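Reader: Hello! I spend my days with force fields and backbone angles, and I would love a close look at one part of this protein. Could you take me through the sheet strand by strand, and then through whatever else stands out along the chain?

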Amino acid sequence: MKAKMNGRQRFGRLLVLAGLMASPALADPTLVLSVKDGDTVHKFSVEELLHRPEIQRLDLSHIKQPLGPDVPAIPLSALIHQDDALAFQATDLFTAEIPRSVFEQARKHHVTAWIAIEDKEWPKRHPHGHDLGPFALVWTGDDVGIIKQEQWVDQLAAISPSSSNELPIGTSSASAQGQVVFAENCLPCHQLMGVGEGTMGPDLGRPIPVTEYITPKGLRAIVRNPKQVRKWPSEHMEAFPESAISETELDALWTYLQEVGQSELAQKHL
């Protein structure tokens, strides 16, 4: 009796079948990118995006997860308005919640967001060997370093308005900064009081606020080197060096989480 395949195995088999054909767009029409713009949901196939007039070829051989020297891509602005925060959901449940301020900074520094499209097989994700396609959010520009590691998304499946606008509001300058740090770096994998799409990690607000069972030193240790603090089979969290989150930002993040944990909303769950 054959064992049933889980969702990731089924998705992986679709990609394998696509790779056997001359074009993944022709291999399977279910390989689509879902884009929710306002109240309208558009579904774009690989083939459809490859024939858009905005398509360009990019050298993406030197990014963190290299895709190749000649990759078709379409500007994100051709698919959805970037006036508000957006959520980019991957097939492995990672969700990058990118605030409006990031898009504003990108425009100021002439950095462009693109949706890369797999028209031939991309390299596997290191170190785990996962497929990266068929779509990915990538960035280009001389100042592309302003874009944080959590704001590059491979295995992209859907784009929608972000729920980061629903996060509890930081009431002091420090907690307000911490709210931004949380939205950019933590919300992709963690919810907070039920807000957010990321489910790779636990909700940091309930049923018990994270500041009730961890110390500032413990939070810092987990952020800097999670694998040194704890290990479990399905762990996904990567380390955040100071170049990604500064010490000042970590202090602000703790202030924000502590404030949220002491709020009336949090106390209802204790």
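Author: Happy to; what follows goes through the sheet, then a buried alanine, some backbone angles and the helix packing.

Please keep in mind that this is a predicted model.

Let us begin with the overall layout. The sheet is open and has 5 strands, in the order β2-β1-β9-β5-β6, and its pairing is mixed. β2 (40-45) and β6 are the edge strands, each pairing on one side only. From one strand to the next the twist averages 15°. As general background, strands of a sheet pair through backbone hydrogen bonds, either parallel or antiparallel.

Now walk across from the β2 edge. β1 and β2 run antiparallel and are joined by 6 bridges. Within this pair, Val 35 stands opposite His 42 in β2. The two strands form a hairpin with 2 residues between them, and there Gly 38 takes a positive phi near 70°. On to the next neighbour: strand β1 (residues 32-37) pairs with β9 in the parallel sense, over 2 bridges. Here Ser 34 is found opposite Ala 158 in β9.

The next step brings us to strand β5. Strand β9 (residues 156-161) and β5 pair in the antiparallel sense over 5 bridges, and Leu 86 stands opposite Pro 161 in β9. Strand β5 (residues 86-90) is mostly covered, with 4 of its 5 residues buried. β5 also pairs with strand β6 (residues 95-98), in the antiparallel sense and over 4 bridges. In that pairing, Phe 88 has Ala 96 in β6 as its bridge partner. β5 and β6 form a hairpin too, with 4 residues between them, and Leu 93 in the turn has a positive phi of about 80°.

Next comes the alanine. Ala 116 sits in strand β7 (residues 112-117). With a relative accessible area of 0%, Ala 116 is buried. What surrounds Ala 116? Leaving aside neighbours within four places in sequence, Ala 116 is in contact with Leu 60, Leu 67, Val 71, Pro 72, Ala 73, Trp 122, Pro 134, Phe 135, Ala 136 and Val 138. One of these, Ala 73, is 43 residues away along the chain, yet its C-alpha atom and that of Ala 116 are separated by 4.1 Å.

Another of those contacts, Pro 134, leads to the backbone angles you asked about. Pro 134 is in the loop between β7 and β8 (135-140), and a cis peptide bond joins Gly 133 to Pro 134, with omega about 5°. A cis peptide bond also joins Arg 206 and Pro 207, where omega is about 10°; Pro 207 lies in the loop between α5 and α6.

Two further residues are worth checking for phi. His 110, in the loop between α4 (100-108) and β7, has a positive phi near 60° although it is a residue other than glycine. Gln 155, in the loop between β8 and β9, is not a glycine either and has a positive phi of about 55°. Are these two buried or exposed? His 110 counts as exposed, at 66% relative accessibility, whereas Gln 155 is buried, with a relative accessible area of 1%.

Finally, the helices. The axes of helix α5 (residues 173-186) and α8 come within 7 Å and cross at roughly 100°, so α5 and α8 are roughly perpendicular to each other. Their contact divides into 8 nonpolar, 6 polar and 2 charged residues. Among those taking part are Val 181 and Phe 182 in α5, and Leu 253 and Tyr 256 in α8.

Helix α6 (residues 216-224) packs against helix α8 (residues 247-261) at an angle of about 125°, with the axes 11 Å apart. α6 and α8 are therefore oblique to each other, and α6 passes α8 in a right-handed crossing. By class, this contact of α6 with α8 has 7 nonpolar, no polar and 4 charged residues. From α6, the residues that meet α8 include Leu 219, Val 223 and Arg 224, and these three are buried, as are Gly 218 and Ile 222. What covers the buried residues of α6 includes α7 (226-229) as well as α8.

Terms used. Residues are numbered from 1 along each chain as its sequence is written. This is a predicted model: local features need pLDDT of at least 70, side-chain atom pairs count only at pLDDT 80 or more; totals for chains, interfaces and linings use all residues. Side-chain values use heavy atoms; hydrogens and water are left out. Axes are lines fitted to C-alpha atoms, for helices over the stretch in contact, and angles run from 0 to 180 degrees between N-to-C directions. Angles under 35 degrees count as roughly parallel, over 145 as roughly antiparallel, 65 to 115 as roughly perpendicular and the rest as oblique. A crossing is left-handed if the near helix is turned anticlockwise from the far one by less than a right angle, and right-handed if clockwise. Contact means heavy atoms within 4.5 Å. Ala, Val, Leu, Ile, Met, Phe, Trp, Tyr, Cys and Pro count as nonpolar, Asp, Glu, Lys and Arg as charged, and the others, Gly among them, as polar. Buried means under 20% relative accessible area, exposed over 50%, partly exposed in between (1.4 Å probe, protein chains only). Two strands pair if DSSP finds at least two bridges between them.
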